[in-house]
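Visitor: I have a model in front of me and some questions about how the chain is arranged. Could you take me through it?

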Amino acid sequence: MQRPQTLSELVSQLTSDDLVILDIDSTLLYTYKRNEAILKKFAQDRISQFPDFCRTLSQVDCRRGEYGYGDALKRLLLDKAEASILDNLHSYWREAFFSNDFLTHDIPHEGAVQFVQHLSHTQIPFVYLTGRPRELMSPGSLQSLLQFGFPASQGILFMKPQPKDIDEEFKSKKIKELKQLKSRTWLIDNEPKILHKIAADHPEVHLIFVDTCHSPNVVAPEGLLTLKDFHF
Ligand SMILES: [Mg+2]
């Protein structure tokens with residue numbers, strides 16, 4: 001097999017004996033509008049507690065390609081606000097981000113819905129494998145995938161059993177099971193930490209990097225097929 005250089009080449013190589021494993025956040029979906037909605041809700045909810053901070057925060061805009069909301073706070077010069085306010089905001093954000101409540105603010109990555117629909121129509125096996133914690137983000141995750149037009153069902157949506165589980169450990173363990181199912185396995189993910197872990201634990205799994213945003217201070221493994229969008 002020639003290693004695919006583009007998504008079109010990948011699509012033309014896939015058969016029913018492949019398994020495509022799809023990450024969700026910052027891979028198939030952009031989450032920056034989820035972040036923005038959460039910060040604006042905080043600004044509303046906490047206005048009486050932190051009036052100046054919240055008045056400024058209500059103007060916030062989060063942008064595609066930014067990880068988390070740190071850059072958005074910086075633009076408003078709120079990043080140096082009192083630590084107790086920032087801590088309060090962070091706990092609020094965490095609880096809201098990992099919940100069912102703000103998922104409708106996500107936006108599908110360009111071409112992603114059509115790509116997964118294509119897999120479905122051509123009977124290429126695929127599953128979703130996400131670090132979203134099941135107990136906090138189910139059933140919202142399934143609902144939002146379906147609302148966006150992704151073919152999905154509970155049986156092909158693998159979520160983290162416990163919120164405290166480490167994403168890369170969970171994914172590696174699950175991929176150990178999943179890779180038995182077909183002769184070739186592909187993982188499409190935006191997070192370098194996960195790609196490095198899978199490369200180390202399961203070198204036979206083919207990795208594809210989605211270049212949206214990811215946790216700081218780590219770069220994707222060298223030489224991977226890198227996607228800017230899902231057009232093919
Ligand atoms: Mg991700």
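**From one loop residue to the whole fold**

Visitor: Is Pro161 buried or exposed?

Guide: This is a predicted model. Pro161 has 12 C-beta neighbours inside 10 Å. A residue counts as exposed at 12 or fewer. So Pro161 is exposed.

Visitor: Where does Pro161 lie, and how far is Pro161 from Glu135 in space?

Guide: Pro161 sits in the loop that links β5 and α9. In sequence, Pro161 and Glu135 are 26 residues apart. From C-alpha to C-alpha, the distance in space is 7.1 Å.

Visitor: In what order do the 6 strands of the open sheet come?

Guide: The pairing in this sheet is parallel. Neighbouring strands are turned by 25° against each other on average, direction ignored. The order is β5-β4-β1-β6-β7-β8.

Visitor: Which strands stand at the edges of that sheet?

Guide: An edge strand here has a single partner strand, so one side of it is left without a neighbour in the sheet. Two strands fit, one at residues 157-160 and one at 225-227. They are β5 and β8.

Visitor: How many bridges pair β1 with β6?

Guide: β1 covers residues 18-22, and β6 covers residues 184-189. Leu19 has Thr185 as its bridge partner in β6. For Ile21, the partner in β6 is Leu187. The two strands pair in the parallel sense, and the count is 5 bridges.

Visitor: Which residue of β4 is the bridge partner of Val20?

Guide: β1 and β4 run parallel. They are joined by 3 bridges. The partner of Val20 in β4 is Phe126.

Visitor: How many of the 5 residues of β1 are buried?

Guide: Burial here takes 20 or more other C-beta atoms within 10 Å. β1 is largely enclosed by the rest of the structure, because its buried residues number 4 of 5.

Visitor: Which residue in β7 does Leu187 stand opposite?

Guide: β6 and β7 run parallel. There are 4 bridges between them. Opposite Leu187 in β7 stands Leu207.

Visitor: Which residues are buried on each face of β7?

Guide: In a regular strand, side chains alternate between the two faces of the sheet. β7 is mostly covered, with 5 of its 5 residues buried. On one side are His206, Ile208 and Val210; on the other are Leu207 and Phe209.

Visitor: Which strands does α9 lie across?

Guide: α9 spans residues 167-178. The helix runs at about 155° to β4. The strands it lies across are β1, β4, β5 and β6.

Visitor: What angle does the direction of α10 make with that of β7?

Guide: α10, residues 192-201, packs on the sheet. This helix touches β6 and β7. Its direction makes an angle with that of β7 of about 175°.

Visitor: Is Ala200 buried or exposed?

Guide: Ala200 belongs to helix α10. The Ala200 C-alpha is 9.6 Å from that of Ser172, with their positions 28 residues apart in sequence. Ala200 has 11 other C-beta atoms within 10 Å, so the residue is exposed.

Visitor: How far apart are the C-alpha centres of domain 1 and domain 2?

Guide: The domain assignment gives domain 1 as 7-30 + 107-227. It gives domain 2 as 32-103. Their C-alpha centres are separated by 28 Å.

Visitor: Which element gives the most to the side of domain 1 that touches domain 2?

Guide: Here 15 residues of domain 1 are in contact with 10 of domain 2. On the domain 1 side, β4, α7 and α8 each give two or more residues. That side divides into 8 nonpolar, 6 polar and 1 charged. The most, 3 residues, comes from α8.

Visitor: What is the radius of gyration of the protein?

Guide: The protein has 10 helices and 8 strands. For 232 residues the globule rule gives 17 Å. The protein comes close to that, so it is as compact as a globular protein of that length; its radius of gyration is 19 Å.

Visitor: What share of the 232 residues counts as buried?

Guide: The C-alpha atoms fill a box of roughly 60 × 35 × 30 Å along the principal axes. Among contacts with a separation of 6 or more, 69% join residues 24 or more positions apart. The buried share is 35%.

Note on methods: Residues numbered from 1 in each chain as written. Predicted model: local features only at pLDDT ≥ 70, side-chain atom pairs only at ≥ 80, totals over all residues. Domains from an automatic or database assignment. Contact = placed C-beta atoms within 7 Å. Nonpolar A, V, L, I, M, F, W, Y, C, P; charged D, E, K, R; others polar. Rg over C-alpha atoms; globule rule 2.2 N^0.38 Å. Pairing = 2+ DSSP bridges. Axes fitted to C-alpha atoms, helices over the stretch in contact; angles between N-to-C directions.
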